[in-house]
Amino acid sequence: MNSLFQNPIAKKLSSYKKSTAPVSEAEERWTEKAIKGLMKKLKKSPAALSDLEKALSSQDKHSKCVLFPRNFDGRLSVSVRRGLPHVIYCRIWRYPDLTSHHQLRSTDTCPNGWISKKDTVCINPYHYDRIAAPAELPPIFVPRNHGETLPPHSELPTAEDIAGGQVPANADLPFDLDEMDLLTAFSDVGSPTFSAEDLDLTETLDALNGGENSVEQIAISPAMQPVHSPQSFEMLSDVEPVSYAEPAFWCSVSYYELSSRVGETFHASQPSLTIDGFTDPSNSERFCLGLLSNINRNPVVEQTRRHIGKGLRLYYIGGDVFAECLSDNAAFVQSPNCNQRYGWLPATVCKIPPGCNLKIFNNQEFAAMLAQSVSQGFEAVYQLTKMCTIRISFVKGWGAEYRRQTVTSTPCWIEIYLNGPLQWLDKVLTQMGSPRIPCSSMS
């Protein structure tokens, strides 16, 4: 850090950095380069550097904006890492464990926050607040099982089977979402209708403040009242609380070409995961599909793979899962949890245009449905396994509005298994014991 300390202004700015010990040497070098880059950008505006120093020293939300030029895609390169400038500098000077712009909300007094879409963006760390994590999920109260447990050779696939990619969400390929089964698990689900009065952007802007445009901005926001475990369960002493626990890998992703799975299942441990069509080696934050080979690949699949490009990014932030389309071509999502939120039919496929976001899963909503389903029996709970599986196709859509009717007709698609909810379901089902009617592949 000696080169940084030669400049008194840089030395002063560096003294305000926040960190969680221990900090690696690589992280120190990255911080140094980020501060140097900022000084170069602001060298024609000495007042901006002075305003930044005052904001950092006073930690005052009413300090002046510090404006940073916004480039064509909004992201800034620091060494080999790219990120949004307000996220980078909030991480250095205020929130060292920050991972995504979804975790930030600009203050009401800042007219130049990321969401303003102006040519310059404010990078004053005290003009952004951290979005609070959601409340801990309440336990599900399940009657203690005094009967027989599931037989050892039951045909019912376990959550581990599904999450590990051993069994597709619907075991008989070619398949599509079993709409009638899910309709019994949902209450009063109908086709979406739109009117000017229906549009409500508040929830989306709060959740995605600082993000790109959101598909949810054109969606219905019906009121969804939280559902709690029946009071009779809570009053009985013969119940067992089953709590939610975060797994080591929050999701597992399997890649398909038509009806064939290609490559190994990817297990995501980081809160941000990019899935693209390039040929770089995959790592904990990136799943590259370009390296995967398939001897049965046809010309349509080959052509589609060339257009995946930057693909999409998945975020797992505070119990919410978001999908952001980074490609020049749209992505298509089938998320029963999202469809339930807006009153759409469970099999509805939603288009995410380039540069847009969609919230595709919410743990709180799932907890409410799980609590309600317990009182309806084993089969109702088991149907929720389909709520924990999300399908996304690249470039080509499917469903009622498209020539391709099923996801297995699309050239390139992924299936995402949400491991936390699946494992929670598994624990609840184990506590409930055997179903009244044995499950089989024909159920």
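This is a guided tour of a predicted model, stop by stop, with a selection to make at each one.

**The whole chain**

Start with everything shown as a cartoon. The protein chain holds 14 helices and 20 strands. Colour by burial next: 49% of the 443 residues count as buried. If you switch on a surface, its accessible area comes to about 21,200 Å², and 52% of that belongs to carbon and sulfur atoms. A contact map is a good companion here, since residues 24 or more positions apart make up 71% of the contacts with a separation of 6 or more.

**The largest core**

Now select Ile275, Leu314, Ile392, Trp424 and Val428. These residues have the most contacts inside the largest nonpolar core, which has 69 residues. Nonpolar side chains tend to be buried together in soluble globular proteins.

Keep Leu314 and show what surrounds it. Setting aside residues up to four places away in sequence, leucine 314 touches Trp250, Pro271, Ser272, Leu273, Ile275, Phe322, Ala323, Ile360, Ile392 and Ile416. Two of these, Ile275 and Ile392, were in your previous selection.

**Two stacked pairs**

Turn to the aromatic rings, where there are ten aromatic pairs. Select Trp250 and Tyr316: their ring centres are 5.0 Å apart and their planes meet at 15°, so this pair is stacked. The two come from distant parts of the chain, 66 residues apart: tryptophan 250 sits in the loop between strand S9 (239–242) and strand S10 (251–257), and tyrosine 316 belongs to strand S14 (residues 312–317). Tryptophan 250 and tyrosine 316 are both buried.

For another stacked pair, select Phe266 and Phe287. Their centres lie 4.9 Å apart with the planes at 20°, so they count as stacked. Phenylalanine 266 is part of strand S11 (residues 260–268) and phenylalanine 287 is part of strand S13 (residues 286–288), so the pair ties together parts 21 residues apart in sequence. Phenylalanine 266 and phenylalanine 287 are buried too.

**An aromatic cluster and Phe366**

Next, select Tyr244, Phe361, Phe366 and Trp424, which form one aromatic cluster. Trp424 is a residue you have met already, among those with the most contacts inside the largest core.

Centre the view on Phe366, in helix H12 (residues 363–374). Is phenylalanine 366 buried or exposed? Its relative accessible area is 1%, so phenylalanine 366 is buried. Beyond its neighbours within four places in sequence, phenylalanine 366 is in contact with Asn337, Phe361, Leu384, Met387, Cys388, Pro421, Trp424 and Leu425. Try a distance to one of these: the C-alpha atoms of phenylalanine 366 and proline 421 are 7.8 Å apart in space, with their positions 55 residues apart in sequence.

**Ser327 in its loop**

Move to Ser327, in the loop between strand S15 (320–325) and strand S16 (331–334). Serine 327 counts as buried because its relative accessibility is 5%, below the 20% cut-off. Show polar contacts: the serine 327 side chain reaches the backbone oxygen of isoleucine 308 at 3.1 Å. A polar atom of that side chain also lies 3.4 Å from the backbone oxygen of histidine 307. Apart from residues up to four places away in sequence, serine 327 touches His307, Ile308, Lys310, Gly311 and Pro354.

**The second core and Val66**

Select Met39, Val66, Phe68 and Leu104. They are among the 34 residues of a second core, separate from the largest one. Zoom in on Val66, placed in the loop between helix H4 (46–58) and strand S1 (67–69). Valine 66 has a relative accessible area of 0%, so it is buried. Leaving out residues up to four places away in sequence, valine 66 touches Leu42, Ala48, Asp51, Leu52, Val121, Cys122, Ile123 and Asn124.

Stay in the loop between H4 and S1 and pick Gln59. Its phi is near 55°, a positive value in a residue other than glycine. At 47% relative accessibility, glutamine 59 counts as partly exposed.

**Last selections**

Select Arg70 with Trp114: arginine 70 lies over the face of tryptophan 114, 4.2 Å from the ring centre. Then select Arg91 with Trp30, where arginine 91 lies over the ring face at 5.6 Å from its centre.

Finish at Val395, in the loop between strand S19 (389–394) and strand S20 (413–418). Valine 395 is a residue other than glycine with a positive phi, near 70°.

Note on methods:
Residues are numbered from 1 along each chain as its sequence is written. This is a predicted model: local features need pLDDT of at least 70, side-chain atom pairs count only at pLDDT 80 or more; totals for chains, interfaces and linings use all residues. Side-chain values use heavy atoms; hydrogens and water are left out. A nonpolar core is a set of buried Ala, Val, Leu, Ile, Met, Phe, Trp, Tyr and Cys residues joined through side-chain atoms within 4.5 Å. Buried means under 20% relative accessible area, exposed over 50%, partly exposed in between (1.4 Å probe, protein chains only). Contact means heavy atoms within 4.5 Å. Helices (H or I, at least four residues) and strands (E, at least two) are DSSP runs, numbered from the N terminus. A polar contact is a pair of N or O atoms within 3.5 Å; within protein, one must be able to donate a hydrogen and the other to accept it, and residues adjacent in sequence count only if both atoms are side-chain atoms. Rings of Phe, Tyr and Trp (its six-membered ring) pair if their centres lie within 6.5 Å; planes under 30 degrees apart count as stacked, over 60 as edge-to-face and the rest as tilted. A charge sits over a ring if NZ of Lys or CZ of Arg is within 6 Å of the ring centre and within 35 degrees of the ring normal. Accessible areas come from the Shrake-Rupley method with a 1.4 Å probe; for residues, only the protein chains shown count as cover.
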